[in-house]
Amino acid sequence: KSHEELLIPPTLCHAKTNVMFLKTHKTASSTVLNILFRFAERYNLTVALPADQQFHLGYPTTFMAHFVEGFETIGQNYNIMCNHLRFNPLEVKKVMAANTFYFSILRNPISLLESSYIYYKNIVPAFSISKNVNEFLASPTKYYHPRDYGENIYARNIMWFDFGYNNNEEDDTEYTQAVLEEIEQNFDLILIADYFDESMILLKHTLCWDLDDVIYFKLNSRSQDTVQTLTPESEEKIKTWCSLDWKLYLHFNQSFWRRIEETIGLKVLEEEVDHLRTRQKELMETCLSEQEAVRKNHIRNKALLPYQSGAANILGYNLKKDLDNSIVRTCQQMVMPELQYTSHLYAVQHPHKKRKKL
């Protein structure tokens with residue numbers, strides 16, 4: 001290499017290590033959580049974990065700082081916050097440092113609602129009393145009663161709710177515009193689950209992380225046979241029934257692609273998505289005995305069984321038996337379901353506290 005080339009520093013940015021991720025529901029957010037947990041372990045960072053036996057930060061109650069384990073003593077010295085919470089910027093700011101990077105992820109409300117329907121079938125009154133998702137959407141108000149507000153949050157504008165807003169609010173232009181602007185002020189980046197790999201590349205660039213920091217195995221997904229097919233009428237209905245989420249999604253899907261064009265460009269994006277997928281495939285071949293996710297009854301090691309909900313068959317993974325010592329920990333982390341990983345980090349960070357019961 002010539003003398004000049006050596007003077008160019010390899011990277012002009014520093015990896016951001018103070019990160020707050022608003023974990024939304026049924027948006028591939030468990031996979032993002034796993035990425036953040038692994039990053040925290042890799043760089044020995046402190047995670048703001050739910051206190052005591054909880055697995056989320058007070059959800060669906062609006063977030064308060066004292067929901068975080070050790071908040072009174074640790075104060076603003078947390079690096080990562082990513083367990084489920086209902087966003088409350090003033091309280092989150094008490095926990096996270098001033099230079100924290102805030103991001104979240106959204107999903108097309110059409111596939112989101114079908115996913116919620118299956119996953120929350122047994123706990124959401126509006127879902128459990130309807131036969132299937134199309135019947136529910138044919139006349140949502142027949143099944144959705146405001147008095148069941150608490151249990152019904154997953155049935156209407158759930159993303160709007162997760163961001164801290166009223167999911168039953170009238171969809172009035174001035175109001176929605178104000179909310180979208182507020183979200184833009186509070187968050188540095190909003191990713192799109194429907195373009196997950198592209199989202200990971202944008203995240204990597206924005207946080208100045210390595211490719212290996214955003215490699216993932218898809219977690220908390222369900223088997224295809226539990227997916228219900230929406231009629232075209234149902235799809236249209238979702239846009240009006242969940243119109244707040246629909247506006248939220250359209251707005252940030254646009255800003256997502258604009259951000260990509262202004263920063264990395266589509267050509268580099270495509271190359272890096274290819275790298276990500278190649279590396280992911282390599283790791284799956286290295287780590288997994290089946291090279292793909294398996295149904296719950298095929299998971300050999302019950303310690304790696306993901307939480308099962310509703311009518312969904314939540315898939316998991318089987319690791320190869322005699323993995324090399326250098327890679328075994330990485331493989332274990334990549335397939336560790338959310339509750340087990342939260343419990344593991346909690347035991348590491350708070351060794352004197354009672355372990356979280358799974």
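Let me start with a cysteine that has no partner: the sulfur of C82 lies 20 Å from the closest cysteine sulfur, the one in C208, and that is too far for a bond. What we have here is a predicted model, so please take the geometry I describe in that spirit. C82 is also buried, with a relative accessibility of 0%, and C242, to mention another cysteine, is buried as well, at a relative accessible area of 3%.

Now to the cysteines that do pair, for which a bond is counted when the two sulfur atoms are within 2.5 Å. By that rule the model has 2 disulfides, and if you number the bonded cysteines of the protein chain in sequence order, the pairing reads 1-2, 3-4.

One of these disulfides joins C13 to C208, with an S to S distance of 2.0 Å, and it is right-handed, with 80° about the S-S bond. C13 sits in the loop between α1 (3–7) and β1 (19–22), while C208 sits in the loop between α12 (196–207) and α13 (232–241), so this link ties together parts that are 195 residues apart in sequence. How accessible are the two ends, C13 and C208? C13 counts as partly exposed, at 38% relative accessibility, whereas C208, at 15%, counts as buried.

The other disulfide is formed by C287 and C331, again with the sulfur atoms 2.0 Å apart. Is this disulfide of C287 and C331 left-handed or right-handed? The torsion about its S-S bond is about -70°, so the disulfide is left-handed. C287 belongs to helix α15 (residues 266–287) and C331 to helix α16 (residues 325–335), so the bond ties together parts that are 44 residues apart in sequence. As for accessibility, both C287 and C331 are buried.

Let me turn to the sheet. It is an open sheet of 4 strands, in the order β2-β1-β3-β4, and the pairing is parallel. The edges are taken by β2 (80–81) and β4 (189–192), each of which has a single partner strand, so one side of each is left without a neighbour in the sheet. Looking further in, β1 and strand β3 (residues 101–106) run parallel and are joined by 4 bridges, and if you want a place to look on the screen, L22 stands opposite S104 in β3. Helix α2 (residues 29–42) packs on this sheet, where it touches β1, β2 and β3, and its direction makes about 165° with that of β1. Helix α12 packs on the sheet too, touching β1, β3 and β4, with a direction that makes about 155° with that of β4.

Finally, a helix pair. Two packed helices are described by the angle between their axes and the distance between those axes. For helix α5 (residues 109–119) and α13, the angle is about 95° and the axes are 9 Å apart, which means that α5 is roughly perpendicular to α13. Which residues of α5 and α13 meet? From α5 we have P109, I110 and L113, and from α13 they meet E235, I238, K239 and W241. Sorted by class, this contact of α5 with α13 has 5 nonpolar residues, 2 charged residues and no polar ones.

To return to where I began, C82 remains without a bond, since its sulfur is 20 Å from that of C208, and C208 is itself joined to C13.

Methods: Residues numbered from 1 in each chain as written. Predicted model: local features only at pLDDT ≥ 70, side-chain atom pairs only at ≥ 80, totals over all residues. Heavy atoms only, no water. Helix = DSSP H or I, 4+ residues; strand = E, 2+ residues; numbered from the N terminus. Buried < 20%, exposed > 50% of the residue type's maximum accessible area, 1.4 Å probe, protein only. Axes fitted to C-alpha atoms, helices over the stretch in contact; angles between N-to-C directions. Parallel < 35°, antiparallel > 145°, perpendicular 65-115°, else oblique. Contact = heavy atoms within 4.5 Å. Nonpolar A, V, L, I, M, F, W, Y, C, P; charged D, E, K, R; others polar. Pairing = 2+ DSSP bridges.
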